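User: I'm new to this one and would like to know how the labels people attach to it are justified. Can you walk me through a few?

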Amino acid sequence: MYKAKAYSAAGAASPLASDTIDRRETTETDVRIEILFCGVCHSDLHTARNEWVEFMPTVYPVVPGHEIVGKVTSVGSKVTQYKPGDLVGVGCLVDSDHTCPSCRADMEQFCPEGVFTYNSPDKHLGGVTFGGYSDSIVVDESFVLRVPENLDLAGVAPLLCAGITTYSPMRHWGVGEGKKVGVVGLGGLGHMGVKFARAFGAHVVVFTTSPGKVEDARRLGAHEVVNSRNADEMAPHAGSFDFILDTVSADHDLNAYLNLLGLDGNLTLVGAPEKPLPVSSYALLFGRKSLSGSLIGGIAETREMLDFCGKHGITADVEIIPIQQVNEAYERLLRSDVKYRFSIDMASLKSE
Ligand code: NAP
Ligand code: ZN
């Protein structure tokens with residue numbers, strides 16, 4: 001065991017603050033990583049404040065962070081894919097059983113024994129796993145990802161969650177040329193969704209509640225931008241979408257988006273608001289529409305997504321912050337004031 005620096009929250013109402021945590025020594029199959037950047041996902045905030053108490057209660061202290069990029073500093077004796085100095089990433093998953101039907105189908109995110117990067121039972125040290133708001137992390141090599149060398153590292157970090165979470169459902173539902181695709185909410189996930197939908201060749205429409213984001217939405221790749229609070233802007237799109245990805249983190253009206261789907265259209269939720277959202281069955285019956293969810297993506301698909309980003313020069317648009325500003329960043333997330341992902345420069349942790 002060794003001591004690592006981190007930022008943790010001591011309770012649902014506590015701000016994040018400097019802390020020291022235990023990390024395991026590298027086992028034979030582990031990779032130890034010096035963390036250079038970590039993205040700030042809205043899931044970090046939901047978890048720090050115990051908003052998912054019904055499904056995944058938070059164990060305190062919690063160290064959030066699952067959009068990790070860094071440099072390998074040491075490897076276990078049986079590690080074959082990585083060596084010290086390599087640039088790597090770690091996303092939302094750090095372990096699974098490798099044998100269940102989900103793992104065998106390359107969907108480790110649905111493994112019943114899956115271990116998330118933070119707030120999951122830690123098999124090695126007991127307690128729960130600690131995430132990327134830290135100077136280092138130790139992860140089994142099968143959950144470590146090689147990151148494209150040609151991309152800006154601060155902007156690569158958010159690909160590990162926001163990237164794969166939007167890439168995976170778009171691939172699953174066949175987003176591509178000739179498809180009309182909506183992205184609801186222009187935050188961390190939403191802005192990656194826009195970039196991917198555009199790169200896949202779809203006609204892309206952004207739905208936002210923030211009139212100040214219209215110009216950015218177009219710059220990011222949207223063909224059209226709709227103010228979702230204006231019924232006159234919503235009405236002309238009724239019955240016209242093949243696929244809509246909903247990334248909203250708070251309470252909102254799903255039926256308004258089901259009404260915009262065409263025959264056999266699909267609305268996929270990746271946003272995970274605290275409270276359940278009512279759905280009208282009529283909004284689904286007429287047009288044989290479907291409502292789905294999607295959870296991050298498996299390791300193989302995350303590798304595919306990173307390769308795609310390397311080839312197409314895709315990264316997140318980030319605002320780089322020192323770790324000392326993370327509480328302020330959370331408040332800005334709550335005000336939808338994010339352009340379009342905070343990426344923590346982990347060098348700032350050295351002064352703590
Ligand atoms: P974010 O950066 O805060 O973006 C959320 C966006 O939703 C906001 O920028 C805003 O966009 C819109 N929004 C916020 N409040 C709203 C409201 N009351 N009504 C309508 N729109 C509202 O968050 P994120 O990091 O992208 O995460 C989004 C959600 O996805 C969170 O719930 C997160 O936990 C979840 N998530 C799920 C997965 C998964 O695997 N399924 C993975 C990661 C995150 P506009 O300003 O454009 O309206
Ligand atoms: Zn996330």
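User: Why is Cys161 called buried or exposed?

Analyst: Keep in mind that this is a predicted model. Cys161 has a relative accessible area of 4%. Buried means under 20%, so Cys161 with its 4% counts as buried.

User: What makes His66 buried or exposed, then?

Analyst: The reasoning runs along the same track. His66 comes out at 7% relative accessible area, and the cut-off for buried is under 20%, so His66 is buried.

User: What makes Cys41, His66 and Cys161 donors of the zinc ion (ligand 2)?

Analyst: Distance does. A donor has to be an N, O or S atom within 2.8 Å of the metal. The SG of Cys41, the NE2 of His66 and the SG of Cys161 lie 2.0 to 2.2 Å from the zinc ion, so they qualify. Along the sequence, the spacing of these donor residues is C-x24-H-x94-C. His66 sits in the loop between α1 (42-48) and β4 (68-75), while Cys161 is in the loop between α3 (153-156) and α4 (162-172), 95 residues apart, and the pair links distant parts of the chain.

User: How do you know that Thr209 makes a polar contact with ligand 1?

Analyst: A side-chain N or O atom of Thr209 is 2.6 Å from an oxygen atom of ligand 1. The limit is 3.5 Å, so that pair counts as a polar contact. Ser43 has a polar side-chain atom 2.8 Å from an oxygen atom of ligand 1, and for His46 the value is also given as 2.8 Å. As for cover, ligand 1 taken alone exposes 930 Å², and the protein buries 92% of that.

User: Which residues are closest to ligand 1?

Analyst: Of the 31 residues surrounding ligand 1, the closest are His42, Thr208, Thr209, Ser210 and Arg341. By class, the shell holds 13 nonpolar, 15 polar and three charged residues.

User: Why is the pair of Tyr167 and Phe200 called edge-to-face?

Analyst: Their ring centres are 5.6 Å apart and the planes make 70 degrees. Pairing needs centres within 6.5 Å, and over 60 degrees is edge-to-face, so both tests are passed.

User: And what makes Phe196 and Phe308 tilted?

Analyst: Here the centres are 6.2 Å apart, with 55 degrees between the planes. Stacked is under 30 and edge-to-face over 60, so 55 degrees lands in the tilted class. Both Phe196 and Phe308 are buried, and together with Tyr167 and Phe200 they form one aromatic cluster.

Definitions and conventions. Residues numbered from 1 in each chain as written. Chains lettered and ligands numbered in written order. Predicted model: local features only at pLDDT ≥ 70, side-chain atom pairs only at ≥ 80, totals over all residues. Heavy atoms only, no water. Donors = N, O, S within 2.8 Å, 3.2 Å for Na, K, Ca; no water. Helix = DSSP H or I, 4+ residues; strand = E, 2+ residues; numbered from the N terminus. Buried < 20%, exposed > 50% of the residue type's maximum accessible area, 1.4 Å probe, protein only. Near = heavy atom within 4 Å. Polar contact = N/O pair within 3.5 Å; in protein donor to acceptor, adjacent residues only side chain to side chain. Areas by Shrake-Rupley, 256 points an atom, 1.4 Å probe, with all protein chains shown as cover. Nonpolar A, V, L, I, M, F, W, Y, C, P; charged D, E, K, R; others polar. Phe/Tyr/Trp six-rings, centres within 6.5 Å; stacked < 30°, edge-to-face > 60°.
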